[in-house]
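These are notes for a colleague who is about to look through the model. They go point by point, starting with a salt bridge and moving on to the sheets, the helices and the confidence.

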Amino acid sequence: MVRILDDANLIVHDVAGRIERWTGGCTELYGWTAAQAEGRDVHALLETEFPEPLEDILAQIREHGAWRGELRQRHRTGRPITVSSRWVTVQPEASAEPVIVANNLDISGLKAAQTDLAAREAHLRSILETVPEAMVVIDARGIVLSFSKAAEALFGHASAEICGRNVSMLMPNPDRDRHDDYIRRYMTTGERRIIGFGRIVTGLKKDGSTFPMELAIGEAYTDGQPLFTGFIRDLTSRHKMEEELRQAQKMEAVGQLTGGIAHDFNNLLTVISGNLEMIERRLQDERLLTLLREAQEAAEDGAKLTGQLLAFGRRQALNAKLSDIGGLVSTFAELLRRTVGEAIELRTVVTGAGNNALVDTTQLQNALLNLTLNARDAMPRGGRLTIEISRVRLDADYARMYPQVRIGDYVLVSVSDTGVGMSPEVRQRAFEPFFTTKGVGAGTGLGLSMVYGFAKQSGGHVQLYSEPGRGTTVRLFLPAATPQAEAAAPAPLPEELPPVPAPRSRELILVVEDDARVRRVAVARLEDEGYRVLEAANGAQALALVEQNPDIALLFTDIVMPGGMLGDELARHVRALRPELPVLFTSGFAEPEIAGRELNQGGWLKKPYTARDLAVRLRQLLD
């Protein structure tokens, strides 16, 4: 007879499952008494869930005489119980059938703890796998214990390649050689270099490339042993954005400087060209006239140079009109083809039909010509030049990379060559005025500067991509025209000036100009044309003259003047007194918003101007 300890969790049942003995320990575990359990099917009574078919378990019992596994059963109240069960076969008597003695140990608490731990681990793992920062866990020897999914994507190493190896493999020298010393010093002295602080360091990818990263390290102890957890943020994009912003600020500062210089230079050219014109009218000696005309041509060249400076500084007056950029480039391509010569293949690719934009077509053609000349010089032995026109949309992600860009639809003009390309140092300075890699006398260094200024003043954006030996691509983004923009497009100024009519009954013109020399030239030109003239050096003087002289027929004013009153502000005050009085504006540079707002109500004349330009604009307004 089998001797059973009553306080043990033992169940004796036959092979069919009928209970023959039920101990007190089972009563405490399951809630059934021996009287209630004995004689019943144990599997049905406890609603047992087996990890494998019962037939397979019985087969193992018959073959090996024992089986071990985990079972899910139920208490009398219905509460689930998980037990670790060990079955053995016992032969009570020689002639009797063998019975199974099952020893069940309650592990419900352990299983609940394991399940909770697994859930917590899964939750933590899901967090670590989804956070954008990479995470690396190391021990006191610098051996990597954990390497997150984000770390795999950042460094290019699989977790299996890194775990078990020293974390210094993720660092370039000199940090790689010094890393273990850092940890030993900290463990010995407690001196913190990075632990507990954030630091900008350099990381090393699997492909050998390096990148800037922000590293924050925390410390924890497990079983008395320190663990260090590093959170890593890739700073490549942020550094690129900061560099773009610094470059934009630098270009803005240089643009303001060059625009101011060009403005002052245009005032000087106005004085020079104006006096040369008046001398020409009075000069009869042909030899002296030849010298004078050479001086006039030099003044015209100076005006072109200042025009390029104003383009870079975004201070030029743009005559924007609705244009099909694809059609414009296709028409202009033949001139460009003659410019680059036979050794260079020129291709134009126009994608789509909706490539309309509000642009100054002359300035766009100048920009294309400058880019074409640069490409030709970069391919002295021939090559391929490709001009592509398409419509693109710049989204929020692009705007985050280039903070000065507005989200929206653009017409993209891409000019690519297969030339020598640029080094990073040259590429960094390519848009700066007067910077050139050409020999002395071979270029002014203003071509790309003008392209940059034109794009910015047109509300667009310009990008340059280049690598030594792989050519250069300049991408010009011009805001695509919307129906509202098309409706609001200003009418283009006449390209050809009509004949100059004579003034009627000596009309009175008020000239407002802060530069005395420029003012004297303007007054002299007007008097030569037969007008009466009043002159003022600033806005306050001009307002007083308007109030005192009701017979003033036209206000001719500079825009940028000292004294706290600009030309457009003066015009508003004058129109409040004399709504019918026409206004003609002039300046060495044009603030786009001023020019755009006032052209509908007045006229515009850019310095330096000729006497004919002045006379025609006056009659257009007065008549």
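1. Glu 467 has a relative accessibility of 43% and therefore counts as partly exposed. The structure is a predicted model. The side chain of Glu 467 forms a salt bridge with that of Arg 470, at 3.6 Å from N to O. Arg 470 is exposed, because its relative accessibility is 65%.

2. Other salt bridges. The structure holds 27 salt bridges. One of them joins the side chains of Asp 14 and Arg 18, with an N to O distance of 3.7 Å. Asp 14 is buried, at 17% relative accessible area, whereas Arg 18 is partly exposed at 41%. Arg 391 and Asp 409 form a further side-chain pair, at 4.0 Å from N to O. Arg 391 sits in strand S14 and Asp 409 in strand S15, so this salt bridge ties together parts 18 residues apart in sequence. Both partners are partly exposed: Arg 391 has a relative accessible area of 40% and Asp 409 one of 35%.

3. The mixed sheet. Five strands make up an open sheet with mixed pairing, in the order S12-S14-S15-S17-S16. Its edges are strand S12 (344-350) and strand S16 (461-466), each of which pairs on one side only. On average, neighbouring strands of this sheet are turned by 15° against each other, direction ignored. S16 runs antiparallel to strand S17 (residues 472-479), and six bridges join the two. Within this pairing, Leu 464 has Val 474 of S17 as its bridge partner.

4. Helices on the mixed sheet. Helix H11 (residues 325-340) lies across S12, strand S14 (383-394) and strand S15 (408-417), and its direction is at about 180° to S12. Helix H12 (residues 361-378) lies across S12, S14, S15 and S17, at about 30° to S15. H12 has 18 residues, and its first and last C-alpha atoms are 26 Å apart, close to the 26 Å expected at 1.5 Å a residue. The buried residues of H12 include Leu 364, Ala 367, Leu 368, Leu 371, Ala 375 and Ala 378. As a general point, an α-helix has 3.6 residues a turn, so residues three or four places apart point the same way.

5. The antiparallel sheet. A further open sheet has five strands in the order S2-S1-S5-S4-S3, with antiparallel pairing. Strand S2 (19-22) and strand S3 (66-74) each have a single partner strand, so one side of each has no neighbour in the sheet. The average turn between neighbouring strands here is 25°, direction ignored. Strand S1 (residues 10-13) is joined to S2 by three bridges, and the two run antiparallel. Ile 11 has Trp 22 in S2 as its bridge partner. Helix H4 (residues 54-64) packs on this sheet, where it touches S3, S4 and strand S5 (99-106), and its direction makes about 150° with that of S3.

6. Thr 82. This residue is in strand S4 (residues 80-90). Is Thr 82 buried or exposed? Thr 82 counts as buried, because its relative accessibility is 9% and the cut-off is under 20%. Leaving aside residues up to four places away in sequence, Thr 82 touches Leu 71, Arg 72, Leu 105, Asp 106, Ile 107, Ser 108 and Lys 111.

7. Helix H8. The 15 residues of helix H8 (residues 175-189) should span 21 Å at 1.5 Å a residue, and the end C-alpha atoms are 20 Å apart, which agrees. His 179, Ile 183 and Tyr 186 are buried in H8. The buried residues of this helix pack against strand S6 (134-139), strand S9 (210-222) and strand S10 (225-234). Gly 190, just after H8, takes a positive phi of about 80°.

8. Confidence. The protein chain has an average pLDDT of 81, and 83% of the residues score at least 70. Over residues 492-497 the pLDDT stays under 50, and the model has ten contacts beyond four places in sequence for them. Residues 591-596 also stay under 50, with six such contacts. Where pLDDT is low, the predicted coordinates should not be read in detail.

Technical notes: Residues numbered from 1 in each chain as written. Heavy atoms only, no water. pLDDT = per-residue confidence, 0-100. Contact = heavy atoms within 4.5 Å. Helix = DSSP H or I, 4+ residues; strand = E, 2+ residues; numbered from the N terminus. Buried < 20%, exposed > 50% of the residue type's maximum accessible area, 1.4 Å probe, protein only. Pairing = 2+ DSSP bridges. Axes fitted to C-alpha atoms, helices over the stretch in contact; angles between N-to-C directions. Expected span 1.5 Å × (residues − 1).
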